[in-house]
Amino acid sequence: MRSPHTFSLPTGVLSTLGMPIERLCARAGVSMSNAWVTDEFFQIWAAAEEEFPDPRAGIRFGDEGIARGYGVGSIVALHAPDFRNALAALSRYKSLTCPEFVEVEVKGGEAVVRYRWLQATGPVPRLLVDMTMASLNQLARRGTGGKARPIRLELTRRATDEGLLRRHFGCPIVFRAASDAMVFDPAALDVPFLTADGGAFAHVLEGLEQRIREGEGFPAFVGQVCVAIARQLSEGCGPSVAAVAKRLNLSDRTLQRRLHKLGTSFQGQLAGVRRTTANRLLATTELDAVAISMLVGFAEPNSFVRAFRRWERTTPTRWRDRLADDHRVHKGNPS
């Protein structure tokens, strides 16, 4: 059963994959469904990556996604008046179908667009990153007639296929970045969309807003809190309730009361962001546990190790070694 806490694969994507979903689920070790929690969804994309060694596969899936209309968010976004409103619509209405948040941060003369996987506990599979970035690139190019183009693509993974990525996206590629992001000139946000349809946009939004008012979807406020926590950590600031509340222009009590009303807590969301960030750093960098503990906001490395044991039932070092072993096995080199 679909819910805003799960992901699905649109029928068009499945046909593009050219592989029975049963086979993909079996390879990923997840149950046959079309409503997977984030970790299962990532496992499926990791399995697809093994099945499709072509480094262009993710880009191809993403390019076709906009043209074929995969997902309500993308369909609505294309009818928006400009790129800024398209991204806002994409973020807001994705929450109706999955726990994903599109963040736009304008800072230092740049507009940075990030996809936040709100319930992830590990790094995003390469194939899925390529697909989402290619889809975002297509949204910008198709909507603006090619006037809005990225000035930089930032990827958390180690350097690979740089030439291919540079040719496709037409911009410099930065590897080992803090997050997967596409960077634009801020002026690009206000470029009008050639695909805009004010009447259709307003009509569709009315129906979607009604669904949100009725309580459907992943709570947008939880996504905003996670993004605020992530920004605190990325800036080397303490992720306290007071600091995050200030970012959101709320009082401490209001922040905690709103989270409680949504069935969660600040500490729960903080732990989730820390876990995702720590696992990504372990998977994509050579930083040791002491350095990572500081980057995810722990005052003492021992506190980080204890928390990591609760999350993953092992130590950071063993988790990284196991990930490396799995990677060698998948590459056919178990030694």
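## Exercises on rings and domains

Let's warm up with a charge: Arg258 lies over the face of Phe221, 3.9 Å from the ring centre. Arg274 is placed over the face of Phe298, with 4.0 Å to the ring centre. Keep in mind that this is a predicted model.

**Exercise 1.** Find how many aromatic pairs the structure holds, and work out why Phe83 and Phe193 count as stacked.

*Solution.*
- Start with the count: searching the whole structure gives 13 aromatic pairs.
- Now take the geometry. The ring centres of Phe83 and Phe193 are 6.2 Å apart and their planes meet at 20 degrees, so this pair is stacked; the cut-off for stacking is under 30 degrees.
- Next, place the partners. Phe83 sits in helix α6 (residues 83-94) and Phe193 in the loop between β5 (181-184) and α9 (198-213), so the pair ties together parts 110 residues apart in sequence.
- Finally, check exposure: Phe83 and Phe193 are both buried.

**Exercise 2.** Name the residues that ring pairs link into a cluster.

*Solution.* Follow the ring pairs and you collect Phe7, Phe41, Phe42, Trp45, Phe52, Phe61 and Trp117.

**Exercise 3.** Describe how domain 1 and domain 2 meet.

*Solution.*
- Set the bounds: the domain assignment gives domain 1 as 4-201 and domain 2 as 218-327.
- Their C-alpha centres are 23 Å apart, and the contact involves 23 residues from domain 1 and 20 residues from domain 2.
- For area, the two domains bury about 1,800 Å² between them, with 55% of it on carbon and sulfur atoms.
- On the domain 1 side, Leu118, Thr121 and Pro123 lose the most area to domain 2, together 28% of what that side buries.
- Last, look at charges: five salt bridges are found across this interface.

Technical notes
Residues are numbered from 1 along each chain as its sequence is written. This is a predicted model: local features need pLDDT of at least 70, side-chain atom pairs count only at pLDDT 80 or more; totals for chains, interfaces and linings use all residues. Side-chain values use heavy atoms; hydrogens and water are left out. Rings of Phe, Tyr and Trp (its six-membered ring) pair if their centres lie within 6.5 Å; planes under 30 degrees apart count as stacked, over 60 as edge-to-face and the rest as tilted. Helices (H or I, at least four residues) and strands (E, at least two) are DSSP runs, numbered from the N terminus. Buried means under 20% relative accessible area, exposed over 50%, partly exposed in between (1.4 Å probe, protein chains only). A charge sits over a ring if NZ of Lys or CZ of Arg is within 6 Å of the ring centre and within 35 degrees of the ring normal. Domain bounds come from an automatic or database domain assignment. Contact means heavy atoms within 4.5 Å. Buried area is the accessible area (1.4 Å probe) that two parts lose on being put together, summed over both. A salt bridge is a side-chain nitrogen of Lys or Arg within 4 Å of a carboxyl oxygen of Asp or Glu.
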